[in-house]
Amino acid sequence: MNSSYILAIETTCDETSAAVLKDGKELLSNVIYTQIDLHKKYAGVVPELASRAHAAKVAGVISTALKDKQITPTTIAFANGPGLPGGLLVGRVAAETLGALYNVPVMGVNHLEGHLYAAEFDGNLANKPLKFPLISLIVSGGHTELWKVTGYGKYKLLGKTRDDAAGEAFDKVAKLLKLPYPGGPQVSALALKGNRGAIKFPRPFMKGNFEFSFSGIKTAVSYYLRDHKDYNPADVCLAFEDAVTDTLVYKTLNAAEKYGIKNIVIGGGVCANKKLQNKMLEEGKKHGSAVRFAGKGLTSDNAAMLALCAYYKLNYAKINKSIKINPNMPLRSWISK
Ligand code: KG4
Ligand code: ZN
């Protein structure tokens, strides 16, 4: 049988990435160009600058991902949403151009679905199939969502954030503390120097549902800073990080408990947070659940996760290969129950 080579392209936000996946299991390349330095001075992603940078870098990133591989892609996949419109257009044009050049199909992949599957690549980037049913926590700069997943392409939304995404809350708190963008890693590093118990922020557990809300914690932080001029930034970071990670772990484990599911999978930028990982592993163990995270280098935006998702879509379903972009694209099942 001829091998399949999926070339995937990611341009939804502030990372330009291209990856090549052979036969759904061998990651031949995953090149990521991050725009963080470009956006740092604005303390957040500037959409116009982001699309210009994608346009400037995408060809080089693709060429590096394909270099020396002597391969011809059999499918071109790209993230067609959710994301910033300008970036999505760059991804689509690049993908369609390559599709025409190689005379191969082009397909859109949901960026969030990529985050869901990223945990299939473990730390060594070896691909180990997920075990279903599972509870998936997708926790990034733009999204915080809890899903029940009963198989490839079979999803049920359990809850999402009513306001800020967890990563967004990290970034906003970092901004309040005048820490550089992106805030998550900065807050997390400073939290290591904090004194536990010095401050306590509320945990929005909202019992009885699987929804999240992080704007209250962020507001509590801003009031604390206003009222305590001599605050210790490390204590603030620790108390904030504890509140957010406790909430994420509590909700995820509750969902696993309610549905009697013993597999938990976490993806998205915030899952790089060591405290979140350790708490989830610890609590998962108590619950008897196996917990998996997106592999190293695959927590933030990357094209490898899209290539994997495209592989499953191609192999498990005769899906329509829509390439229409949708900045607000929701995650949807593509296999009916
Ligand atoms: O998945 P991602 O790269 O992009 C989106 O799809 O949004 O996630 C980026 C988010 C940012 O908000 C960033 O601050 C957060 O992930 N993040 C972290 C950590 N590393 C990245 N948040 C908390 N702790 C971290 N170690
Ligand atoms: Zn993302």
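Here is a short walk through a zinc site, two helix pairings and one buried phenylalanine in this structure. Keep in mind as you look around that the model is predicted.

Let us start at the metal. The zinc ion (ligand 2) is held by His-111 and His-115, each through NE2, and by Asp-301 through OD, at 2.0 to 2.1 Å. Along the sequence, these donor residues follow the spacing H-x3-H-x185-D. The pairing of His-115 with Asp-301 thus brings together distant parts of the chain, 186 residues apart. His-115 belongs to helix H4 (residues 111-117), whereas Asp-301 sits in the loop between strand S10 (290-293) and helix H10 (304-316). Are His-115 and Asp-301 buried or exposed? Both of these residues are buried.

The geometry of the site deserves a look too. The angles among the four donor atoms of the zinc ion (ligand 2) run from 94 to 139 degrees, and the site is irregular. The reason lies in the cut-off: four donors count as tetrahedral if all angles lie between 85 and 135 degrees. For reference, the ideal angle for four tetrahedral donors is 109.5 degrees.

Strand S10, which we met beside the loop of Asp-301, also contains Phe-293. With a relative accessible area of 14%, Phe-293 is buried, because buried means under 20%. Which residues surround it, once neighbours within four places in sequence are left aside? Phe-293 is in contact with Ala-119, Phe-121, Ile-266, Cys-271, Gln-277, Met-280 and Leu-281. Tyr-102, by comparison, is 191 residues from Phe-293 in sequence and 34 Å from it in space, C-alpha to C-alpha.

Now turn to the helices. Two packed helices are described by the angle between their axes and the distance between the axes. Helix H8 (residues 233-259) meets helix H6 (residues 183-191) with axes that come within 7 Å and cross at roughly 110 degrees. H6 and H8 are therefore roughly perpendicular to each other, and their crossing is left-handed. On the H6 side, the contact is made by Val-187, Ser-188, Leu-190 and Ala-191. H8 contributes Pro-233, Ala-234, Cys-237, Leu-238, Phe-240 and Glu-241.

H8 also pairs with helix H5 (residues 166-176). Here the axes come within 11 Å and cross at roughly 175 degrees, so H5 and H8 are roughly antiparallel to each other. Ala-166, Ala-169, Phe-170 and Val-173 of H5 make this contact with Phe-240, Glu-241, Val-244 and Leu-248 of H8. Notice that Phe-240 and Glu-241 appear in both of the H8 contacts described here.

How values were computed
Residues numbered from 1 in each chain as written. Chains lettered and ligands numbered in written order. Predicted model: local features only at pLDDT ≥ 70, side-chain atom pairs only at ≥ 80, totals over all residues. Heavy atoms only, no water. Donors = N, O, S within 2.8 Å, 3.2 Å for Na, K, Ca; no water. Tetrahedral: all angles 85-135°; square planar, octahedral: opposite > 155°, others 65-115°. Helix = DSSP H or I, 4+ residues; strand = E, 2+ residues; numbered from the N terminus. Buried < 20%, exposed > 50% of the residue type's maximum accessible area, 1.4 Å probe, protein only. Axes fitted to C-alpha atoms, helices over the stretch in contact; angles between N-to-C directions. Parallel < 35°, antiparallel > 145°, perpendicular 65-115°, else oblique. Left-handed = near helix turned anticlockwise from the far one by under 90°. Contact = heavy atoms within 4.5 Å.
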